[in-house]
Amino acid sequence: MVSSSSSGYGLLFCLLILLLVPFRSHSADPDPLQDFCLANLNATSSVNGFPCKPVSAVTSEDFFFNGLSVEGNTSNVFDAAVTSANVFSFPGLNTQGMSMNRVDFATGGLNAPHSHPRSSEIGVVIKGKLLVGFVTTDNVFHSKVLTVGQMFVIPRGLVHFQRNVGKGKALAFTAFNSHFPGAVVLPTALFASTPPLPNEVLTKAFQVEDQVVNSIRSKFGA
Ligand code: GLV
Ligand code: MN
């Protein structure tokens, strides 16, 4: 026999599930309230996106962007380059809840471990061979080597990377459910911040001596 208190809890549980279901389908960014809102980049950023440029000033050009047609400069410590089509470089994305990156890799290049606080990520390999991996909040590492046309998904906020494991250059395009996903790049966030994190935090966190921390910092010119 079911007691009235347990059936009450059951009802409450069902109501809770019903209340939560609509939120599961929400994108990372809020839904737009108009067809478009071309970002006025000269205005100060407001809570969610930029104020709109007046409709009378909008032209067709505002809806097109060729910034991802150009190969990024991979001459850096990671031998990789991320070129972003986000609300800052492509203001037409303002409030649309999406953006893209082009990621170029020289031989052996690494898109260093990073996370996107405001977005999930989906990607496709266009050229070469990439080892793609991410770590869950339970510290489980998922990874796979992908070739041309193969895709990956990185759940929102999880630390991930791509490494060029092919013989020549590699290229991937990635997409986000946010017009400005943000990126916390772990090596630079931890070892090249302004001002620097205290050495005692890093030596304790990584169980190493000061000289190791200083050596890592020096690689980033910090
Ligand atoms: C790849 O991880 C990217 O953020 O574009
Ligand atoms: Mn990423």
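# Reading the manganese site and its surroundings

Colleague: How are the donor residues of the manganese ion (ligand 2) spaced in sequence?

Modeller: They follow the pattern H-x1-H-x4-E-x38-H. A donor is an N, O or S atom within 2.8 Å of the metal (3.2 Å for Na, K and Ca); water is not among the atoms, so a site may look incomplete. The model is a predicted one, in which local features need pLDDT of at least 70 and side-chain atom pairs pLDDT 80 or more, while totals for chains, interfaces and linings use all residues. Residues are numbered from 1 along each chain as its sequence is written, chains are lettered from A and ligands numbered from 1 in the order written, and side-chain values use heavy atoms, without hydrogens or water.

Colleague: Which protein atoms are donors to the manganese ion (ligand 2)?

Modeller: Three histidines donate through NE2, namely H114, H116 and H160, and E121 donates through OE. These protein donors lie 2.1 to 2.2 Å from the ion. E121 sits in strand β4 (residues 121-127) and H160 in strand β8 (residues 159-164), so this pair ties together parts that are 39 residues apart in sequence. Helices (H or I, at least four residues) and strands (E, at least two) are DSSP runs, numbered from the N terminus.

Colleague: Are E121 and H160 buried or exposed?

Modeller: E121 is buried at a relative accessible area of 4%, and H160 is buried at 1%. Buried stands for under 20%, exposed for over 50%, and partly exposed for what lies in between (1.4 Å probe, protein chains only). Over the protein, buried residues account for 31% of the 222 residues.

Colleague: What arrangement do the donor atoms around the manganese ion (ligand 2) have?

Modeller: Ideal angles for six octahedral donors are 90 or 180 degrees. Around the manganese ion (ligand 2), six donor atoms subtend angles of 74 to 170 degrees, which makes the arrangement octahedral. The criterion for six donors is that opposite ones are over 155 degrees apart and all others between 65 and 115.

Colleague: In what order do the strands of the open sheet run?

Modeller: Strands of a sheet pair through backbone hydrogen bonds, either parallel or antiparallel. The open sheet has five strands in the order β6-β5-β8-β3-β10, with antiparallel pairing. Its edge strands, β6 (141-146) and β10 (184-185), each pair on one side only. Pairing requires that DSSP finds at least two bridges between two strands. The protein has 10 strands and four helices.

Colleague: Where does H114 appear in that pairing?

Modeller: H114 has H160 as its bridge partner in β8 and V185 as its partner in β10. H114 and H160 are also among the protein donors of the manganese ion (ligand 2). Strand β3 (residues 110-115) joins β8 through three antiparallel bridges, and N111 stands opposite Q162 in β8. The antiparallel pairing of β3 and β10 has two bridges.

Colleague: How many bridges join β5 and β6?

Modeller: Six, in the antiparallel sense, with β5 covering residues 130-135. V132 stands opposite K144 in β6. The hairpin of these strands has five residues between them, and there N139 takes a positive phi near 65 degrees.

Colleague: How many salt bridges does a search of the whole structure find?

Modeller: Three. The test is a side-chain nitrogen of Lys or Arg within 4 Å of a carboxyl oxygen of Asp or Glu. R102 and D104 meet with their closest N and O atoms 2.7 Å apart, and both residues are buried. K53 and D62 meet at 3.0 Å, N to O; K53 is partly exposed at 25% relative accessibility, whereas D62 is buried at 17%.

Colleague: What parts does the salt bridge of K169 and E71 tie together?

Modeller: The N to O distance of this pair is 2.9 Å. K169 lies in the loop between β8 and β9 (170-176) and E71 in the loop between α1 and β1, so the pair ties together parts that are 98 residues apart in sequence. K169 is partly exposed at 46%, and E71 is partly exposed at 42%.

Colleague: Which residues form a nonpolar patch on the surface?

Modeller: L41, F88 and F180, with about 250 Å² of accessible area together. Such patches join nonpolar side chains (Val, Leu, Ile, Met, Phe, Trp, Tyr) within 5 Å, from residues with over 30% relative accessible area and no salt bridge. Areas come from the Shrake-Rupley method with a 1.4 Å probe. L41 is in the loop between α1 (4-24) and β1 (80-85), and is partly exposed at 36% relative accessibility.

How values were computed:
Four donors count as tetrahedral if all angles lie between 85 and 135 degrees; four count as square planar and six as octahedral if opposite donors are over 155 degrees apart and all others between 65 and 115; anything else is irregular. Patches are made of residues with over 30% relative accessible area and no salt bridge: like charges are joined within 9 Å, nonpolar side chains (Val, Leu, Ile, Met, Phe, Trp, Tyr) within 5 Å.
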